[in-house]
Amino acid sequence: MDSPWDELTLAFSRTSMFPFFDIAHYLVSVMALKRQPGAAAVAWKNPLSSWFTAMLHCFGGGILSCVLLAEPPLRFLANNTNILLASSIWYIIFFCPCDLVSQGYSFLPVQLLAAGMKEVTRTWKIVGGVTHANSYYKNSWIVMIAIGWARGAGGTVITNFEQLVKGGWKPEADEWLRMSYPAKVTLLGSVIFTFQHTKLLAVSRHNLMFLYTMFLVATKITMMITETATVPFAPFEDTLSRMLFGWQQQFSSCEKKSETKSSFNGTGSSTSKPIAVASDTVKKKHTKKSE
């Protein structure tokens, strides 16, 4: 007989993302699009372009994973129900009278609820990406990690490509150069679930899904309440980077210290020479006076 904990985690892992969790994901994604400068004006002038951009925000992870696996990138259009649901969210956000949806979303409890539900969908996407990649490349770690990461956080990479096409891309904001918190935590989750799927991590999938999801939700809500953008595991990143990649900097700093010490010793010896010469001349003058 299973324990209550196993029953809870197993029931959680079988939770369907449609429709409520998917609605939260679409809501957060499209609201992030609307907050971009000029997005509302583009929606009024060119609704088709705004709709396509919104679909990239909502289904960017699936599109990127299809590209990496050489599958049709437009396969997400085959799910008519999700497309209609995401399109409805986009329409009421941009064209609702008196902007009621945006005003309702401005309340912090609504944002916390939607963001927490969106993080739940991230776990399901990572697990789905890892499993889907394993069906193509059996026990291939790199492929499974890459597809799990792309499925869970590939929307940011796809939207960067969209900004490049529009001419608004900025190198300093590129996801490959400066990974955001969602990209980092998704990469971590993809590695963990890949190890679990290949039997290298002796944890059941439903327990791991529950624990990882609780970590995502708690971290996201804490960051929103405290209004901080600091990554929770930044100290671990700094420590790990110093251990793995900081040896050259330590050697260079030691070399600089040794150079400064040697230069200081050289100046000290050079200054001691005129002092010795001066003392000899004083002695000679003293002997002359005594004679």
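**Exercise 1. Locate Lys199 in this predicted model, and decide whether Lys199 is buried or exposed.**

Solution. Begin with the position along the chain: Lys199 belongs to the loop that joins H9 to helix H10, the latter covering residues 205-226. Next, consider the backbone, where Lys199, coming just after H9, adopts a positive phi of about 65°. Then turn to the accessibility: the relative accessible area of Lys199 is 73%, and the cut-off for an exposed residue is over 50%, so Lys199 is exposed. Finally, look across the fold, where Asn139 stands 60 residues from Lys199 in sequence, while their C-alpha atoms are 9.8 Å apart in space.

**Exercise 2. Check what span the 17 residues of H9 should have at 1.5 Å a residue, and find which residues of H9 are buried.**

Solution. Helix H9 runs over residues 181-197. The expected span takes 1.5 Å times one less than the number of residues, which for the 17 residues of H9 gives 24 Å, and this agrees with the 24 Å between its end C-alpha atoms. The buried residues of H9 are Tyr181, Ala183, Val185, Thr186, Gly189, Ser190, Phe193, Thr194, Gln196 and His197. As background to reading such a list, an α-helix has 3.6 residues a turn, so residues three or four places apart point the same way.

**Exercise 3. Classify Phe195 by its relative accessibility, and state which nonpolar surface patch includes Phe195.**

Solution. Phe195 is a residue of H9, and its relative accessibility is 30%. Since buried means under 20% and exposed over 50%, this value makes Phe195 partly exposed. On the surface, Phe195 joins Trp141, Ile142, Leu200, Leu201 and Val203 in a nonpolar patch, whose members together have about 540 Å² of accessible area.

**Exercise 4. Determine which members of the largest nonpolar core touch the most other members, and which elements give two or more residues to this core.**

Solution. The largest nonpolar core holds 31 residues, of which Tyr26, Val30, Met55, Phe59, Ile93, Phe94 and Trp149 touch the most other members. Two or more residues of this core come from each of helix H2 (20-34), helix H3 (39-45), helix H4 (47-68), helix H5 (80-95) and helix H8 (141-166). Taking Phe59 as a case, and leaving aside its neighbours within four places in sequence, one finds contacts with Tyr26, Phe76, Asn82, Ile83 and Ala86. A second core, separate from this one, has 25 residues, among them Val120, Met144, Ile147 and Phe233.

**Exercise 5. Establish which helices the buried residues of H5 pack against, and whether Ser102 is buried or exposed.**

Solution. The 16 residues of H5 reach 22 Å from the first C-alpha to the last, close to the 22 Å expected at 1.5 Å a residue. Its buried residues are Asn82, Ile83, Leu85, Ala86, Ser87, Ile89, Trp90, Ile93 and Phe94, and they pack against H2, H3, H4 and helix H6, the last of these covering residues 100-105. Ser102 lies in H6, and because its relative accessible area is 13%, Ser102 is buried. Apart from neighbours within four places in sequence, Ser102 is in contact with Met31, Lys34 and Ile93.

**Exercise 6. Describe the whole chain: how many helices and strands does the chain have, and what share of its residues counts as buried?**

Solution. The chain has 12 helices and 0 strands. Of its 291 residues, 38% count as buried. The exposed area is about 17800 Å², 68% of which is supplied by carbon and sulfur atoms.

Note on methods: Residues are numbered from 1 along each chain as its sequence is written. This is a predicted model: local features need pLDDT of at least 70, side-chain atom pairs count only at pLDDT 80 or more; totals for chains, interfaces and linings use all residues. Side-chain values use heavy atoms; hydrogens and water are left out. Patches are made of residues with over 30% relative accessible area and no salt bridge: like charges are joined within 9 Å, nonpolar side chains (Val, Leu, Ile, Met, Phe, Trp, Tyr) within 5 Å. Accessible areas come from the Shrake-Rupley method with a 1.4 Å probe; for residues, only the protein chains shown count as cover. A salt bridge is a side-chain nitrogen of Lys or Arg within 4 Å of a carboxyl oxygen of Asp or Glu. Helices (H or I, at least four residues) and strands (E, at least two) are DSSP runs, numbered from the N terminus. Buried means under 20% relative accessible area, exposed over 50%, partly exposed in between (1.4 Å probe, protein chains only). A nonpolar core is a set of buried Ala, Val, Leu, Ile, Met, Phe, Trp, Tyr and Cys residues joined through side-chain atoms within 4.5 Å. Contact means heavy atoms within 4.5 Å.
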